[in-house]
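User: I have a protein chain open in the viewer and would like to learn how to read its main features. Can you take me through them one by one?

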Amino acid sequence: MKKIAILPIIAAGAIALTSCNSGSTPKATLKTTVDSVSYAIGINTGLGYKQNLESFPGEPANIDDMIAGFAEGLKGNPSMTQEEAMNIIQTYFQNAEKIESEKNLAEGKKFLEENAKKEGVITTESGLQYKVDSLGTGATPKAEDVVKVHYTGTLLDGTKFDSSVDRGEPATFGVNQVIPGWTEGLQLMPVGSKYTFYIPSELAYGERAAGQAIKPNSTLVFQVELISIEEPQKK
């Protein structure tokens, strides 16, 4: 289980929300240069971290309590120690991550079971699923080969997390240097083919997260075009 350094995120998020949450939020005075600098620090920090709270797991964070805790800590009169606060935070996020991971695993299993019944979808012994969108006539790469591909990766809900197509430049890498689902799938593709890979979590990133979008136990979908097998570089 990865550790989550969430304290700075929550503190900074509280600053951001203090400036945008109407109600009991005090208004900035800005009477002196120090007032302006203090306010600017809050704005700068808040704008830099506001988006972190959008991925807060479970129920939405209680903004009023968050701001109250931040203010107590900043003024040096907190109702709990920093160690106690960190234990509460760590436990919450560990439990939330476990719940999300189990949910992703169940959703992926259900998706793959239903997807396997669709016309044109092939399931391999490992559990990888793929569909031939168009079949090329070139050679098929081996594990030790280097290939050039265009691809777009999405989550099951359609969220796009990576795309060489959007970047306008194909990706080049070793067949055995990527996640297992890619390594297996690429060796099924003749050059010039376009396939869709449906990769179960155990053939993707497993219980690890990858970036902001790919959560633990995520099943991934890739549209892949195998452009070429690259010539080995001469030493």
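Analyst: Start with strand pairing: two strands count as a pair if DSSP finds at least two bridges between them. By that rule strand 3 and strand 5 pair in the antiparallel sense, over four bridges. Within that pairing, V147 stands opposite F173 in strand 5. Keep in mind throughout that this is a predicted model.

User: What is the overall order of helices and strands along the sequence?

Analyst: The chain has six helices and seven strands. From one end of the sequence to the other, the pattern is α-α-α-α-β-β-β-β-α-β-α-β-β. Of the contacts with a separation of 6 or more, 69% are between residues 24 or more positions apart.

User: Back to strand 3. Which other strands does strand 3 pair with, besides strand 5?

Analyst: Strand 3 is joined to strand 7 by eight bridges, and the two run antiparallel. T154 has V221 as its bridge partner in strand 7. Strand 3 also pairs with strand 4 (residues 160-163), again antiparallel, over three bridges. There T152 stands opposite S163. Strand 3 and strand 4 form a hairpin with five residues between the strands, where G158 takes a positive phi near 95 degrees.

User: Is strand 3 largely enclosed or open?

Analyst: Seven of its nine residues are buried, so strand 3 is largely enclosed by the rest of the structure. For the chain of 235 residues, the buried part is 34%.

User: Which residues does H150 of strand 3 touch?

Analyst: H150 sits in strand 3 and counts as buried because its relative accessibility is 17%, where the cut-off is under 20%. Apart from residues up to four places away in sequence, H150 touches S164, V165, G168, E169, P170, Q223, V224, E225 and I227. With S164 there is also a polar contact, side chain to side chain, at 2.8 Å. I227 is 77 residues from H150 in sequence, yet their C-alpha atoms are 7.2 Å apart.

User: How should I read a nonpolar core, and which elements build the largest one here?

Analyst: In soluble globular proteins, nonpolar side chains tend to be buried together. The largest such core in this model has 24 residues, and those with the most contacts inside it are V149, W182, L186, F197, I199, F222 and V224. Two or more residues each come from strand 3 (146-154), strand 5 (171-174), helix 6 (180-186), strand 6 (194-199) and strand 7 (220-229). Strand 7 gives the largest share, four residues. To see this around one residue, take V149: its contacts beyond four places in sequence include F173, W182, L186 and V224.

User: What about strand 1 and strand 2?

Analyst: Strand 1 (residues 121-123) and strand 2 (residues 129-134) run antiparallel and are joined by three bridges. V121 has K131 as its bridge partner in strand 2. The two strands form a hairpin with five residues between them, and G127 in the turn has a positive phi of about 110 degrees. Strand 2 is also joined to strand 6 by five bridges, antiparallel, with S134 partnered by K194.

User: How do I read burial along a helix, and which residues of helix 4 are buried?

Analyst: An α-helix has 3.6 residues a turn, so residues three or four places apart point the same way. Helix 4 (residues 82-115) has 34 residues and spans 48 Å from first C-alpha to last, close to the 50 Å expected. Its buried residues include A85, I89, F93, A96, N104, G108, L112 and N115.

User: Which residues does N104 contact?

Analyst: N104 belongs to helix 4 and is buried at a relative accessible area of 13%. Leaving aside neighbours within four places, N104 is in contact with K215, P216, N217 and S218.

User: What is the phi of N217, and where does N217 lie?

Analyst: Most residues other than glycine have a negative phi. N217 has a positive one, near 65 degrees, and lies in the loop between strand 6 and strand 7. N217 counts as buried because its relative accessibility is 9%. L30 also has a positive phi, near 55 degrees. L30 is in the loop between helix 1 (7-20) and helix 2 (33-49), and is partly exposed at 41% relative accessible area.

Technical notes: Residues numbered from 1 in each chain as written. Predicted model: local features only at pLDDT ≥ 70, side-chain atom pairs only at ≥ 80, totals over all residues. Heavy atoms only, no water. Expected span 1.5 Å × (residues − 1). Buried < 20%, exposed > 50% of the residue type's maximum accessible area, 1.4 Å probe, protein only. Contact = heavy atoms within 4.5 Å. Core = buried A, V, L, I, M, F, W, Y, C linked by side-chain atoms within 4.5 Å. Polar contact = N/O pair within 3.5 Å; in protein donor to acceptor, adjacent residues only side chain to side chain.
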